[in-house]
Amino acid sequence: MSNRQAGTVKWFNEEKGFGANQVTRRTALSDRCGMLAGMNEDAFWQLIEDCRPTEPDPDAELLAAAVTERLAQSPVSLVIGFAEQLSWALYRLDRKEYGHNLSDDAFLYTRAAIVAAGRTVFDSVLQAPAVFTPYATDLIWAERLLYTPDRAYERITGEEWDRDTRYSYESCSNTEGWAD
């Protein structure tokens with residue numbers, strides 16, 4: 001399946017790896033697989049990194065606010081792309097070896113904290129599940145990060161978003177990750 005779309009390129013940042021085609025809101029909303037999204041995985045992680053505050057942010061509230069602000073000044077297609085990448089990252093962390101002793105909500109918020117910590121921590125957790133443990137035992141959460149695309153979407157369109165991403169970020173939705 002091709003990621004190409006016919007249309008006029010509104011803007012594209014070659015260095016950061018994302019941009020946006022000039023698409024209608026209806027076209028962007030109907031794109032369930034994020035094919036119009038205009039944000040690849042590298043751009044997702046770069047946005048997280050660019051928005052991370054220098055001061056302590058234990059619940060990622062400052063990060064979530066900065067990401068929301070950045071997305072709210074972008075095309076809807078970029079918001080959709082962020083939502084797809086966020087869901088994919090959380091889905092990849094949805095595994096039994098990480099969440100077996102946590103409630104569904106605690107597990108979701110802890111996975112969001114791993115994402116908020118950045119790509120290096122995320123990749124480390126995928127390589128060594130023990131890296132996840134301090135986040136779970138110390139209840140390091142980043143619940144607000146989950147809602148950043150929804151808040152940005154509402155600021156852009158004035159409407160609530162009934163988000164439907166390709167991968168579910170809900171706990172226990174990755175059936176392969178929970179198989180015995």
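These are my notebook entries on a predicted model of one protein.

**Entry 1: overall make-up**

I began with the secondary structure and counted nine helices and two strands in the protein. Reading from the N terminus, I found the order β-β-α-α-α-α-α-α-α-α-α, with the two strands ahead of the helices. I then looked up burial and noted that 43% of the 180 residues are buried. For the accessible surface I wrote down about 9800 Å², with 46% of that area belonging to carbon and sulfur atoms. Turning to contacts with a sequence separation of 6 or more, I saw that 70% of them join residues 24 or more positions apart.

**Entry 2: α3 against α9**

I next looked up how helix α3, residues 61-72, lies against helix α9, residues 148-157, and found an angle of about 40° with the axes 8 Å apart. The crossing of α3 and α9 is right-handed. On the α3 side I listed Ala64, Val67, Thr68, Glu69, Leu71 and Ala72, which meet Thr148, Pro149, Arg151, Ala152, Arg155 and Ile156 on the α9 side. Sorted by class, this contact holds seven nonpolar, two polar and three charged residues.

I then asked of one residue in this contact: is Thr68 buried or exposed? Thr68, which sits in helix α3, has a relative accessibility of 9% and counts as buried, because the cut-off for that class is under 20%. Setting aside neighbours within four places in sequence, I found Thr68 in contact with Thr148, Arg151, Ala152 and Arg155.

Staying with α9, I looked up Thr157, which is placed in that helix. Its side chain reaches the backbone nitrogen of Glu159 at 3.0 Å. I also noted the pair Thr157 and Val76, whose C-alpha atoms are 8.2 Å apart although the two residues are 81 positions apart in sequence.

**Entry 3: α4 against α6**

For the packing of α4 with helix α6, residues 104-116, I recorded an angle of about 115° and a distance of 10 Å between the axes. Here too I noted the handedness, and the crossing of α4 and α6 is right-handed. From α4 the residues Leu86, Ala89, Leu90, Tyr91 and Leu93 take part, and they meet Phe107, Arg111, Ala112, Ile114 and Val115 of α6. The contact of α4 with α6 divides into nine nonpolar residues, no polar residue and one charged residue.

Within α4, which spans residues 76-93, I also looked up Ser87. Which residues does Ser87 touch, once those up to four places away in sequence are left out? The list reads Arg163, Thr165, Tyr167, Ser168 and Tyr169. Ser87 has a relative accessible area of 0% and is therefore classed as buried.

**Entry 4: positive phi values**

I closed with the backbone angles, keeping in mind that most residues other than glycine have a negative phi. Leu139 is not a glycine, yet its phi is positive, at about 50°. I located Leu139 in the loop between α8, residues 133-137, and α9. Cys172, also a residue other than glycine, has a positive phi near 75°. Cys172 belongs to the segment after α9, and with a relative accessibility of 36% I entered Cys172 as partly exposed, because that value falls between the 20% and 50% cut-offs.

Conventions. Residues are numbered from 1 along each chain as its sequence is written. This is a predicted model: local features need pLDDT of at least 70, side-chain atom pairs count only at pLDDT 80 or more; totals for chains, interfaces and linings use all residues. Side-chain values use heavy atoms; hydrogens and water are left out. Axes are lines fitted to C-alpha atoms, for helices over the stretch in contact, and angles run from 0 to 180 degrees between N-to-C directions. Helices (H or I, at least four residues) and strands (E, at least two) are DSSP runs, numbered from the N terminus. A crossing is left-handed if the near helix is turned anticlockwise from the far one by less than a right angle, and right-handed if clockwise. Contact means heavy atoms within 4.5 Å. Ala, Val, Leu, Ile, Met, Phe, Trp, Tyr, Cys and Pro count as nonpolar, Asp, Glu, Lys and Arg as charged, and the others, Gly among them, as polar. Buried means under 20% relative accessible area, exposed over 50%, partly exposed in between (1.4 Å probe, protein chains only). Accessible areas come from the Shrake-Rupley method with a 1.4 Å probe; for residues, only the protein chains shown count as cover. A polar contact is a pair of N or O atoms within 3.5 Å; within protein, one must be able to donate a hydrogen and the other to accept it, and residues adjacent in sequence count only if both atoms are side-chain atoms.
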